[in-house]
Amino acid sequence: MSTFVHRNLPRLLLQAREAVMAHTRPSLREHGLSDQQWRVLRVLGENGLVETGRVAREAFILGPSLTGVLARMERDGLIRRYRDPSDQRRTVIEATPKGMRMVESLSQSIESHYAYMEKSLGKQKLAQLYLLLDEVIELEQP
């Protein structure tokens, strides 16, 4: 017999993520992208030229996995890698024009799904959800 009082929050968060991603993945696959590749492109689309460590943190990809993801994306002409001019030990990446076209194309369908969610839940509830998620993230920071 279980002694748990609260619902399984990590499982609920994963289930919510998968429910949302179920609407996004078909578009990603049509463009030949994995979830990880999309997260990298999203970070680059929002920030431009980014240091690889920051990409890893913001896209939630561990370093060894990121190396492979970036190699495939570079091979496919989606990103370019450079040595950081201010610190040659660091690498920075940016989306190529082809990568940015994918960001623009995919962002339209993703934003339309978010608009659907906003219409279904209501603007206030969706804003509240974002706020609560931000608060949980802040609360759980080490």
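What follows is a short working chat about a predicted model of a protein.

Reader: Before I start, what kind of model is this, and how are residues numbered?

Author: It is a predicted model, in which local features need pLDDT of at least 70 and side-chain atom pairs count only at pLDDT 80 or more, while totals for chains, interfaces and linings use all residues. Residues are numbered from 1 along each chain as its sequence is written, and side-chain values use heavy atoms, with hydrogens and water left out.

Reader: OK. How many helices and strands?

Author: The protein has six helices and three strands. Helices (H or I, at least four residues) and strands (E, at least two) are DSSP runs, numbered from the N terminus. In order from the N terminus, the elements go α-α-β-α-α-β-β-α-α.

Reader: What box do the C-alpha atoms fill?

Author: Roughly 55 × 35 × 30 Å, taken along the principal axes. The accessible surface is about 10,100 Å², and carbon and sulfur atoms hold 57% of that. Accessible areas come from the Shrake-Rupley method with a 1.4 Å probe, and for residues only the protein chains shown count as cover.

Reader: And how much of the protein is buried?

Author: Buried residues are 27% of the 142 residues. Buried means under 20% relative accessible area, exposed means over 50%, and partly exposed is in between (1.4 Å probe, protein chains only).

Reader: Which residues sit in the middle of the largest nonpolar core, going by what they touch?

Author: That core has 25 residues, and Leu33, Trp38, Val40, Leu41, Leu44 and Val55 touch the most other members. A nonpolar core is a set of buried Ala, Val, Leu, Ile, Met, Phe, Trp, Tyr and Cys residues joined through side-chain atoms within 4.5 Å.

Reader: Which elements feed it?

Author: Those giving two or more residues are α1 (9-30), α2 (35-47), α3 (52-59), α4 (63-75), β3 and α5 (97-121). Helix α2 gives the most, with five residues.

Reader: Take Leu44. What does it touch?

Author: Setting aside residues up to four places away in sequence, Leu44 touches Val50, Val55, Ile79, Ile93, Glu94 and Ala95. Contact means heavy atoms within 4.5 Å.

Reader: Ile93 is on that list. Buried or exposed?

Author: Ile93 is buried, at 0% relative accessibility, and lies in strand β3. Beyond its neighbours within four places in sequence, Ile93 has contacts that include Val40, Leu49, Leu70 and Arg81. The C-alpha atoms of Ile93 and Leu70 are 8.9 Å apart, with the two positions 23 residues apart along the chain as a separation.

Reader: How much of the contact set is long-range, say 24 or more positions apart?

Author: Such pairs account for 46% of the contacts with a separation of 6 or more.

Reader: Switching to charges. How many salt bridges?

Author: The count is twelve. A salt bridge is a side-chain nitrogen of Lys or Arg within 4 Å of a carboxyl oxygen of Asp or Glu.

Reader: Why would such side chains pair at all?

Author: Side chains of opposite charge can pair when their charged atoms come close.

Reader: Which one does Glu94 make?

Author: Glu94 pairs with Arg80, at 3.6 Å from N to O. The pair links distant parts of the chain, with Glu94 in strand β3 (residues 87-95) and Arg80 in strand β2 (residues 79-84), 14 residues apart. Glu94 is partly exposed at 22% relative accessibility, and Arg80 is partly exposed at 34%.

Reader: Which residues are joined into a network by shared partners?

Author: Arg17, Glu18, Arg25, Arg29 and Asp35 form one network. Within that group, Glu18 and Arg17 meet at 2.7 Å, N to O, and Asp35 and Arg29 have their closest N and O atoms 3.3 Å apart.

Reader: Asp35, buried or exposed?

Author: Asp35 is buried, at 11% relative accessibility, while its partner Arg29 is partly exposed at 44%. The C-alpha atoms of Asp35 and Thr24 are separated by 9.1 Å, and the two residues are eleven apart along the chain. Thr24 is found in helix α1 and is buried at 9%.

Reader: Last one. Where is Phe60, and what is its phi?

Author: Phe60 lies in the loop between α3 and α4. Its phi is near 55 degrees, a positive value in a residue other than glycine. Phe60 is exposed, with a relative accessible area of 72%.
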